Amino acid sequence: MAKNTEEVSVIYILEPVILKYSNERFIAENYAQIDQVFQNGIINGCELFITHSFITGYPKDEELNQEQMRRIVKPIEKMLSANFRSQQQLENQLKKVLSLLEDKEFSQGYAFQNISHLISAGKQI
């Protein structure tokens with residue numbers, strides 16, 4: 001068995017059609033789960049918006065962060081905002097989710113970061 005001793009980065013790239021499908025499913029599932037929390041007021045802890053980050057952890061790569069805001073956060077925010085009469089009502093609901101997270105003591109995961117991104121996406125023009 002040969003061992004790779006070179007320090008070469010391995011990059012995996014999805015085919016565009018698979019990437020688009022995966023992204024659309026990710027957005028739809030997150031929307032459905034956040035909407036369910038809005039309806040029930042219950043967080044189980046295994047929702048995608050808790051277990052998966054909308055924006056990768058590369059703060060120095062502003063271009064990547066903006067692309068993820070455009071392709072992931074903004075579509076989820078738009079779908080959620082269609083259920084409300086105003087952006088302020090959506091923001092209030094998202095803040096209630098933050099309160100639920102605090103009550104459940106969900107300090108682990110990405111929920112606070114993701115909900116904060118959704119709130120800030122709604123404030124952008």
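Is F84 buried, partly exposed or exposed, and what is its relative accessibility? F84 counts as partly exposed, because its relative accessibility is 21% and the label "buried" is kept for values under 20%. Keep in mind as you explore that this is a predicted model. The points below look at two aromatic pairs, then at helix α3, and finally at a nonpolar patch on the surface.

**Aromatic pairs**

- Searching the whole structure turns up two aromatic pairs.
- One of them joins F26 and F54: the ring centres are 6.1 Å apart and the planes meet at 90°, so this pair is edge-to-face.
- This pair ties together distant parts of the chain, with F26 in helix α1 and F54 in the loop between α2 (48-51) and α3 (62-81), 28 residues apart.
- F26 is buried, with a relative accessible area of 18%, and F54 is also buried, at 1% relative accessibility.
- F38 and F84 pair up too: their ring centres lie 5.7 Å apart and their planes stand at 75°, so the pair is edge-to-face.
- Here again distant parts of the chain are linked, since F38 belongs to helix α1 and F84 to the loop between α3 and α4 (87-104), 46 residues apart.
- F38 counts as buried at 12% relative accessibility, while its partner F84 is partly exposed at 21%.

**Helix α3**

- Have a look at M69, where α3 bends by about 40°.
- The buried residues of α3 are N65, Q68, M69, I72, V73, I76, E77, L80 and S81.
- Why might buried positions in a helix recur at such spacings? An α-helix has 3.6 residues a turn, so residues three or four places apart point the same way.
- The buried residues of α3 pack against α1, α4 and α5 (111-123).
- Q68 sits in helix α3 and is buried, with a relative accessible area of 13%.
- Leaving aside residues up to four places away in sequence, Q68 touches F54, I55, T56 and V73.
- F54 therefore appears twice in this briefing: as a contact of Q68 and as the ring partner of F26.

**A nonpolar patch on the surface**

- Which residues make the nonpolar surface patch of about 380 Å²? The patch is made by L14, V17, I18 and L19.
- V17, one of these residues, lies in helix α1 (residues 16-40).
- V17 is exposed, because its relative accessible area is 62% and the cut-off for that label is over 50%.

How values were computed. Residues numbered from 1 in each chain as written. Predicted model: local features only at pLDDT ≥ 70, side-chain atom pairs only at ≥ 80, totals over all residues. Heavy atoms only, no water. Patch = residues over 30% accessible without salt bridge, like charges linked within 9 Å, V, L, I, M, F, W, Y side chains within 5 Å. Areas by Shrake-Rupley, 256 points an atom, 1.4 Å probe, with all protein chains shown as cover. Salt bridge = Lys/Arg side-chain N within 4 Å of Asp/Glu carboxyl O. Helix = DSSP H or I, 4+ residues; strand = E, 2+ residues; numbered from the N terminus. Buried < 20%, exposed > 50% of the residue type's maximum accessible area, 1.4 Å probe, protein only. Phe/Tyr/Trp six-rings, centres within 6.5 Å; stacked < 30°, edge-to-face > 60°. Contact = heavy atoms within 4.5 Å. Bend = angle between axes of the 7 residues up to and from the residue.
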